[in-house]
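Here's a quick tour for anyone meeting this structure for the first time. Have a look at the sequence and the model, then read on.

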Amino acid sequence: MKVGDIVRQSGKLLRMTKGGKPIKPSQMLGVVLAIEPLDPKFAAVQPKWAEHIGRPVKVMWNNGVVKENYAEGALEIVSEAR
């Protein structure tokens with residue numbers, strides 16, 4: 001994943017339910033604005049979780065909302081930036 005990629009929620013990292021029934025992940029698209037390095041302390045203490053969750057990502061969704069610290073592992077790339 002890199003800055004400029006178009007992404008959406010993947011549903012691989014977290015599965016939501018309502019009333020015991022699964023909720024599909026949002027189909028909203030967003031653009032990756034920034035990718036922060038993974039906290040080395042977290043990676044040292046919880047290496048498997050760190051690998052699964054990934055780096056913190058800043059995403060601007062197509063509704064104009066910017067979310068910081070989104071888990072890289074919770075996103076899937078729809079279109080790669082050049």
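Before we start on the strands, one definition helps: helices (H or I, at least four residues) and strands (E, at least two) are DSSP runs, numbered from the N terminus. Keep in mind too that this is a predicted model.

**The overall picture**

The protein chain has two helices and seven strands. Walk along the sequence and you meet them in the pattern β-β-β-β-α-α-β-β-β. The C-alpha trace spans about 35 × 35 × 20 Å along its principal axes. Of the 82 residues, 20% count as buried. The chain exposes about 6,100 Å², and carbon and sulfur atoms supply 56% of that area. If you take the contacts with a separation of 6 or more, 58% of them come from residues 24 or more positions apart.

**Inside: the core**

Which residues make up the largest nonpolar core? There are nine of them: V7, V32, V57, V59, W61, Y70, A71, A74 and L75. Two elements, β5 (56-61) and β6, each give two or more residues to this core. The most comes from β5, with three residues.

One core member, V57, has plenty of company. Leaving aside neighbours within four places in sequence, V57 is in contact with M1, V32, A34, I35, K67, E68, N69, Y70, E72 and L75.

The model also has one aromatic pair. The rings of W61 and Y70 have their centres 5.6 Å apart and their planes at 65°, so the pair is edge-to-face, given that angles over 60 degrees count that way. Both W61 and Y70 are buried.

**On the surface**

Now for the outside. V31, L33, M60 and V66 form a nonpolar patch there, with about 270 Å² of accessible area together. V31 sits in strand β4 (residues 30-35). Is V31 buried, exposed or partly exposed? With a relative accessible area of 31%, V31 is partly exposed, because that label covers values between 20% and 50%.

N69 is worth a stop as well. Most residues other than glycine have a negative phi. N69 has a positive phi of about 60°, although it is not a glycine. You'll find N69 in strand β6 (residues 66-71), and at 63% relative accessibility it counts as exposed.

Here are the accessibility values for four residues on this tour:

| Residue | Relative accessible area | Status |
|---|---|---|
| S10 | 14% | buried |
| V31 | 31% | partly exposed |
| S79 | 34% | partly exposed |
| N69 | 63% | exposed |

**A few more stops**

S10 is in the loop between β1 (6-9) and β2 (16-18). At 14%, S10 is buried, because the cut-off is under 20% relative accessible area. Setting aside neighbours within four places in sequence, S10 is in contact with P25, G73, A74, L75 and E76. One of these, A74, also belongs to the largest nonpolar core.

S79 is found in strand β7 (residues 75-79). Beyond its neighbours within four places in sequence, S79 is in contact with D5 and I6. The C-alpha atoms of S79 and K41 are separated by 32 Å, with the two positions 38 residues apart along the chain counted as their separation.

Finally, W49 lies in helix α2 (residues 47-53). Again leaving out neighbours within four places in sequence, W49 is in contact with F42 and G54. From W49 to R8 is 21 Å, C-alpha to C-alpha, and the two are 41 residues apart in sequence.

Definitions and conventions
Residues numbered from 1 in each chain as written. Predicted model: local features only at pLDDT ≥ 70, side-chain atom pairs only at ≥ 80, totals over all residues. Heavy atoms only, no water. Patch = residues over 30% accessible without salt bridge, like charges linked within 9 Å, V, L, I, M, F, W, Y side chains within 5 Å. Areas by Shrake-Rupley, 256 points an atom, 1.4 Å probe, with all protein chains shown as cover. Salt bridge = Lys/Arg side-chain N within 4 Å of Asp/Glu carboxyl O. Buried < 20%, exposed > 50% of the residue type's maximum accessible area, 1.4 Å probe, protein only. Contact = heavy atoms within 4.5 Å. Phe/Tyr/Trp six-rings, centres within 6.5 Å; stacked < 30°, edge-to-face > 60°. Core = buried A, V, L, I, M, F, W, Y, C linked by side-chain atoms within 4.5 Å.
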